[in-house]
Amino acid sequence: MDRAQVLVAGGGPVGLATAVELGRRGIDCLVVEPRREVSRSRPRCKTVNVRTMEHLRRWGVADRLRERAPLPVAWSQDVVFCTSLAGHELSRFHGVLGLAPEEGRCAEPGQQAPQYVLEELLRDVVGGLDACTLLTGHRVVALTQDEDGVRVEVAGDDGTSRTVLADYAVGCDGPRSVVRAQIGADYLGEHALRPNFGMVVRAPGLWPHVRHGPAVQYWTVNPVAPALMGPLDRDGMWWVIAFGVERDAGHARAGAIVDAVAGVPVDAEVLSTDPWTARMQLVDTARRGRVFLAGDAAHLNPPFGGHGLNTGIGDAVDLGWKLAAVLRGWGGPGLLASYEAERRPVQERVIRAAEDNMKTLSTDLLDDDLDRDDAAGDRARAAAHRRIQETKAAEFHALDLVLDVVHDRSPVVADGAGDRLPHAWLAPGHSLYDDLGPELTLVAPPGTDATAFTAAARERGVDLRVLHRPGSEGLLLVRPDQHVAWRGDTDADAGAVLARACGGACD
Ligand SMILES: Cc1cc2nc3c(=O)[nH]c(=O)nc-3n(C[C@H](O)[C@H](O)[C@H](O)COP(=O)(O)OP(=O)(O)OC[C@H]3O[C@@H](n4cnc5c(N)ncnc54)[C@H](O)[C@@H]3O)c2cc1C
């Protein structure tokens, strides 16, 4: 029988991120993934948000993603609303999707990158971690657990099967999660009614017709193709989402849709299609004993605003360091209990925000006069501009949603803490986050006597870095995920503070 400390079902972005968080801490981790290669046919996520980029920076790979991303941040930070790419502009947002965050607020700007670029990078990162094994061509088919571990049945696409005994298992196996079914968890929530038809097209002749300059998204408001389109690169590859289009109609009309979005006939080759319907769903429970759910396996939201994958990466980070802490002996049971207590409010908030973003799409902005070259056209476009600014700003400027995550219902966070450590630049390019330790960090004013904390940490077996920071007030205990576990002063009972942050007694 094969053994692993943690078996991760699913090597999509969330499963791979979970493995990175575990593998960097030396936890022996097996990722089981059916797809041998990362597919480029469904580049779903394009918005890698500032928080995910901060995690990539912590892992030392933010620059590698930027090097591979076909659209540099400086290339465009705009979203354009227009009747078509060659038609009238209706409205525009600048500094969208975390691409130009306010100076100092975070350690990294966001990055536009097709999901496959991120997945390919994460596969490479996992491949470089000695503790991780990525087993492609295999899928999880069943699991059972008792108090000692989880028995996971794994089937190979070559007809072989094997059993893996793991201390813990994490279901990152997406919307049709086998792990979710195996632990008897269910999605609760709704499906949207409107179908959407996604496509990847190659249209090298399109750029010269684009009247609005570079943008990361073009929302097209015309009756033939109310849609959303954006470049995958600068060489003629595009993603398109046609709103309200069923699968069959999409296949039948694909060329006509692309022409209408472009506003001129373009010689476009449809490379792949991806019909989807938005869902607002959250599992009734993300944990059963030693088995956890993360990412799309646990929650689904409409893609508007670009939150699904990023929220899943947040799950992976939260769960990854906690599982590692427990397996390395310094984390107590409260840490694992805190996973759901911390992530569920975030997931609920994201689902609500994404649902709000979906309330106004191109289909809802149609007006017969939008493309007229006369006063009626000007009036219609001015009205559309006002409506777009009123209804869509929150979708493109959502840094509060992304960064202001406070774990105030967490059992491992003290009153008045739980927030993400406020970011600061210590020198050009040198983030406060770069100086945090891999596990816990005590941030304290220079000269603070931290002996009680270092002694308590040693006793518990947890690595504690003491960071004396000029200008800091009081003491902050910062977790591996850069959230503040506790705020206080040197009078505090260091042992009690650490015990709570570490999830109570070690088992
Ligand atoms: C049109 C669209 C646009 C989007 N844009 C964005 C965006 O801009 N930003 C954003 O954050 N999110 C976006 N999303 C959401 C994003 O694509 C998902 O949230 C993300 O893929 C979730 O990652 P995951 O790893 O949880 O699941 P998945 O990507 O679904 O990965 C699950 C993995 O599990 C594997 N698997 C399946 N069954 C098994 C099994 N039995 N055993 C083992 N492995 C299994 C699969 O092969 C797959 O690799 C978008 C979604 C859509 C539809």
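Q: Hi! Is Gln 482 buried or exposed?
A: Hello! Gln 482 counts as buried, because its relative accessibility is 2%, and the cut-off for buried is under 20%. Keep in mind that we're looking at a predicted model.

Q: Okay, and where in the chain does Gln 482 lie?
A: Gln 482 sits in a loop, with strand 23 (475-478) on one side and strand 24 (484-488) on the other.

Q: What about the phi of Gln 482?
A: That phi is positive, about 70 degrees, even though Gln 482 is not a glycine.

Q: Cool. Which loop holds Leu 97?
A: Leu 97 belongs to the loop that runs between strand 5 (89-94) and strand 6 (111-112). Its phi is positive too, near 50 degrees, and Leu 97 is likewise a residue other than glycine.

Q: And does Leu 97 count as buried or exposed?
A: Leu 97 counts as buried, since its relative accessibility is 8%.

Q: Let's switch to His 299. Which strand is it in?
A: His 299 is part of strand 18, which covers residues 299-300. With a relative accessibility of 2%, His 299 counts as buried.

Q: What does His 299 touch, leaving out residues up to four places away in sequence?
A: Quite a list! His 299 touches Tyr 187, Gln 281, Leu 282, Gly 308, Thr 311, Gly 312, Asp 315, Gln 347 and Ile 351.

Q: Zooming out now, how many helices and strands are there?
A: The chain has twelve helices and 24 strands.

Q: What does UniProt say about residues 4-353?
A: The UniProt record, an unreviewed entry, gives residues 4-353 as "domain: FAD-binding". In the model, residues 4-353 are 29% helix and 32% strand, and the C-alpha atoms at the two ends are 38 Å apart.

Q: How does the radius of gyration of the chain agree with a compact globule?
A: The chain has 24 Å, and a compact globule with 507 residues would be near 23 Å, so the two agree. The C-alpha atoms fill a box of roughly 75 × 60 × 35 Å along the principal axes.

Q: How much of the chain is buried?
A: Of its 507 residues, 59% count as buried. The chain exposes about 19900 Å², with carbon and sulfur atoms supplying 48% of that area.

Q: And the contacts, how many join residues at least 24 apart?
A: Taking contacts between residues at least 6 apart in sequence, 74% join residues at least 24 apart.

Q: Last one: how far apart are the mean positions of the positive and negative charges?
A: They are 1 Å apart, for 55 positive and 71 negative charges.

Note on methods:
Residues numbered from 1 in each chain as written. Predicted model: local features only at pLDDT ≥ 70, side-chain atom pairs only at ≥ 80, totals over all residues. Heavy atoms only, no water. Helix = DSSP H or I, 4+ residues; strand = E, 2+ residues; numbered from the N terminus. Rg over C-alpha atoms; globule rule 2.2 N^0.38 Å. Buried < 20%, exposed > 50% of the residue type's maximum accessible area, 1.4 Å probe, protein only. Contact = heavy atoms within 4.5 Å. Areas by Shrake-Rupley, 256 points an atom, 1.4 Å probe, with all protein chains shown as cover. Lys, Arg positive; Asp, Glu negative; His and termini not counted. Charge placed at Lys NZ, Arg CZ, Asp CG, Glu CD. UniProt positions renumbered as here; feature names shortened; annotations may be inferred.
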